[in-house]
Amino acid sequence: MYSKDRISLLNTYYHNLSMAETLDAVRNAISNGHQIHHSVINAAKVVALQKDKSLRTSVNDADIINIDGQAVLWAAKLLNKPIKEKVSGIDLMDRLVALAYQEGYTIYLLGAKEAVLTKVVDIYRKKYNDQLIAGYRNGYFSKEEEIDVFRDIEEKKPNILFIAISTPKKENLLFTYKNQIKSVNLIMGVGGSFDVIAGYTKRAPVWMQNLGLEWFYRLIQEPRRMWRRYLVGNTKFIFLILREKLVKGKTKTDE
C-alpha cells in the first residue's frame, strides 16, 4: 500500500510517516475493509535481519514499517535519509486502543504469559469496556497449535490484532498467517508491550527515551537477559551504520 514511499536502510525499509499519518492509514484501512500489515524496525531487529533471511522477508513484506528506536532515527539522519519522527510500537498501540474504543472497533490480544495477558485484558475492560476485546490468547503454543490460534482469530473477526511475542517469531507468524486472517484490518507485532501495560516492566522516562537511552534503562532492569542484545547488538548496529556511511562517502568521491 505504501511501497512507493518506503525508504531503504541496511537491507530493510521504513516509511516516512508520522504518528498521525500512521493512525490515519489504519483508520482508512478499517473504513475500506482493507488489511494493513504493520511492522517496526529498531537497532536489534536491523542487526538480526542482516543474517536472518526469513525475518528480513517477513519485515520487508509489511505494508507499513515505522522506525521504533532512537538509534535508527539517528542513523537515518546520519545517512541523510528523510524521517519525520520515531513511531514507537507501544505508543502507537496506546493510541490505537483508544481509537478502537472511540470508533467502536474491536481488538484481539495475542501473546505474553497468561498472568500478564489477563491483567492487560482487565486493565482495558476497566478503562474502556467489555466490547472492545474480541478475544485473547497467551503466547505459549506449539507449532502444531498455530493454525488453531489463527483460526480463532479469524472467527472472532477483530479489527486489530496485537501480537506480543518476541522477534523473530511474531514477524514470521504474521507473514505466514496474514492471508488466513483477511478479516483483520490491522495486524501488528508489539513485542514486550503487554508487560509494560500490565506493569511488570517499567518504561524509561521520556528524557531517557529522547536521549536514546531506553535500551540502557531496560538493561538495568534485566541485565542477565538483555546484556547481549543491547551491548553486543548496539555495537554491531553502530558498525553497520559507519560502514554504510563510509561506503556512501566513497561512492560520492569516486563520482
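The following questions and answers concern the predicted model shown above.

User: On what basis are residues numbered and values given here?
Analyst: Residues are numbered from 1 along each chain as its sequence is written, and side-chain values use heavy atoms, leaving out hydrogens and water. As this is a predicted model, local features need pLDDT of at least 70 and side-chain atom pairs count only at pLDDT 80 or more, while totals for chains, interfaces and linings use all residues.

User: How many helices and strands does the chain have?
Analyst: Both kinds of element are DSSP runs numbered from the N terminus: helices are H or I with at least four residues, and strands are E with at least two. Counted in this way, the chain has 12 helices and 8 strands.

User: Which radius of gyration does the chain have, and what would a compact globule have?
Analyst: The radius is taken over C-alpha atoms, and the globule rule is 2.2 Å times the number of residues to the power 0.38. For 255 residues, that rule gives a value near 18 Å; the chain agrees with it, at 18 Å.

User: Which element gives the most residues to the largest nonpolar core?
Analyst: A nonpolar core is a set of buried Ala, Val, Leu, Ile, Met, Phe, Trp, Tyr and Cys residues joined through side-chain atoms within 4.5 Å; buried means under 20% relative accessible area, exposed over 50%, and partly exposed in between, with a 1.4 Å probe and protein chains only. The largest such core has 38 residues, and Phe162 is one of those that touch the most other members. Among the elements giving two or more residues to this core are β5 (107–111) and α5 (89–103). The greatest contribution, 7 residues, comes from α5.

User: Is Thr118 buried, partly exposed or exposed?
Analyst: Thr118 is placed in helix α6, and its C-alpha lies 8.8 Å from that of Ala198, although the two are 80 residues apart in sequence. Because its relative accessible area is 33%, Thr118 is partly exposed.

User: Which residues form a nonpolar patch on the surface with Leu242?
Analyst: Patches are made of residues with over 30% relative accessible area and no salt bridge, like charges being joined within 9 Å and nonpolar side chains (Val, Leu, Ile, Met, Phe, Trp, Tyr) within 5 Å; a salt bridge is a side-chain nitrogen of Lys or Arg within 4 Å of a carboxyl oxygen of Asp or Glu. Leu242 is found in helix α12 (residues 223–254) and is partly exposed, at 47%. The patch has about 270 Å² of accessible area together, by the Shrake-Rupley method with a 1.4 Å probe, only the protein chains shown counting as cover for residues. Leu242 shares this patch with Leu78 and Ile238.
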